[in-house]
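Look over the sequence and the model below. The report then takes up surface, core and charged pairs in turn.

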Amino acid sequence: MRKILIIPLIFILHTISIYSQDENKTLTAKRENFLYISPVNLFFNMLELGYEKKLNNHNTFVFLGGFTLSKEKDLISDIGASGEIQYRVNLLYNKEAISIVSKSYSTFAYFAPYFTYRYEELTEENYSEPFSNNNITTFINSYFGGAGFGFRISGIENRFTMNLFLGGGLKYSLVEGLDKYTDFMRAGYTGISPKAGFQMGIAF
């Protein structure tokens, strides 16, 4: 009689163990691709999207692309586009765990060299000749290279992700037009410059 009861009990416990292992694998599923949007840049009339791919050596490669289109008080138009590449070197570890709030989550701390190219056209009225209908257009080509540190966290079964990046480097700009755009933190600035980024997105 005891043998008859023990055999089904062993079968039930074995089934629960297998189910538990499968569930944990699902909760801690690793995602190797990430799609981003930069929400802060939207306030500066720029739409920037990004893609990150995990490599076999646990590092990642990132491409960011943006487009600017705006009309401000002193400008007739501001049109531009940018592209950036980053190589993110895994500094610590990929940690996965289960928490009450986010279920499965993972963290990724990294060091990343980067290179950015940006083209911009800024058109404004010629106030020195207000009745000439001759607008002034400034053309800017910028090259920006440097490095920084970042931190990415993914939650909600590793589906939702946020990334923060801080760094700096050397920026070189070729400006054809008005000199005022060469001031610090303007589009045509040349010199040492800080860099910060914040992205939100999904992992798959």
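What follows is a short report on a predicted model.

## Nonpolar surface

A nonpolar patch of about 810 Å² lies on the surface. Its residues are F61, F63, I85, Y87, F115, Y117, Y143, Y172 and L174. Four strands each supply at least two of them: strand 3 (60–70), strand 4 (77–90), strand 6 (103–124) and strand 8 (160–176).

Y143 sits in strand 7, residues 136–155. Is Y143 buried, partly exposed or exposed? Y143 counts as partly exposed, because its relative accessibility is 34% and the partly exposed class runs from 20% to 50%.

## Nonpolar core

The largest nonpolar core has six residues. They are F108, Y110, A112, Y114, F144 and F165. Strand 6 gives the most, with four residues.

A112 belongs to this core. Beyond its neighbours within four places in sequence, A112 is in contact with Q86, Y87, R88, G146, A147, G148 and F165. Among these contacts, Y87 is part of the surface patch, while F165 is another core residue.

## R88 and its surroundings

R88 is in strand 4. R88 counts as buried because its relative accessible area is 1%, under the 20% cut-off. Its side chain makes polar contacts with two others: E52 at 3.1 Å and Q86 at 2.9 Å.

Neighbours within four places aside, the contacts of R88 include Y36, N59, T60, V62, N163 and Q199. F108, Y110 and A112 are also in contact with R88, and these three belong to the largest nonpolar core.

## Salt bridges

The structure holds five salt bridges. One of them joins E52 and R152, with the closest N and O atoms 2.7 Å apart. This pair links distant parts of the chain: E52 is in strand 2 (residues 46–54), R152 is in strand 7, and they are 100 residues apart. Both E52 and R152 are buried. A salt-bridge network links E52, R88 and R152.

K195 and E84 form another bridge, at 2.9 Å between the closest N and O atoms. K195 lies in strand 9 (residues 191–203) and E84 in strand 4, so the pair ties together parts 111 residues apart in sequence. K195 counts as buried at 17% relative accessibility. E84 is buried too, at 4%.

The side chains of E120 and R118 also meet in a salt bridge, 3.4 Å from N to O. Which burial class does each partner fall in? E120 counts as buried at 5% relative accessibility, whereas R118 is partly exposed at 29%.

Technical notes:
Residues are numbered from 1 along each chain as its sequence is written. This is a predicted model: local features need pLDDT of at least 70, side-chain atom pairs count only at pLDDT 80 or more; totals for chains, interfaces and linings use all residues. Side-chain values use heavy atoms; hydrogens and water are left out. Patches are made of residues with over 30% relative accessible area and no salt bridge: like charges are joined within 9 Å, nonpolar side chains (Val, Leu, Ile, Met, Phe, Trp, Tyr) within 5 Å. Accessible areas come from the Shrake-Rupley method with a 1.4 Å probe; for residues, only the protein chains shown count as cover. A salt bridge is a side-chain nitrogen of Lys or Arg within 4 Å of a carboxyl oxygen of Asp or Glu. Helices (H or I, at least four residues) and strands (E, at least two) are DSSP runs, numbered from the N terminus. Buried means under 20% relative accessible area, exposed over 50%, partly exposed in between (1.4 Å probe, protein chains only). A nonpolar core is a set of buried Ala, Val, Leu, Ile, Met, Phe, Trp, Tyr and Cys residues joined through side-chain atoms within 4.5 Å. Contact means heavy atoms within 4.5 Å. A polar contact is a pair of N or O atoms within 3.5 Å; within protein, one must be able to donate a hydrogen and the other to accept it, and residues adjacent in sequence count only if both atoms are side-chain atoms.
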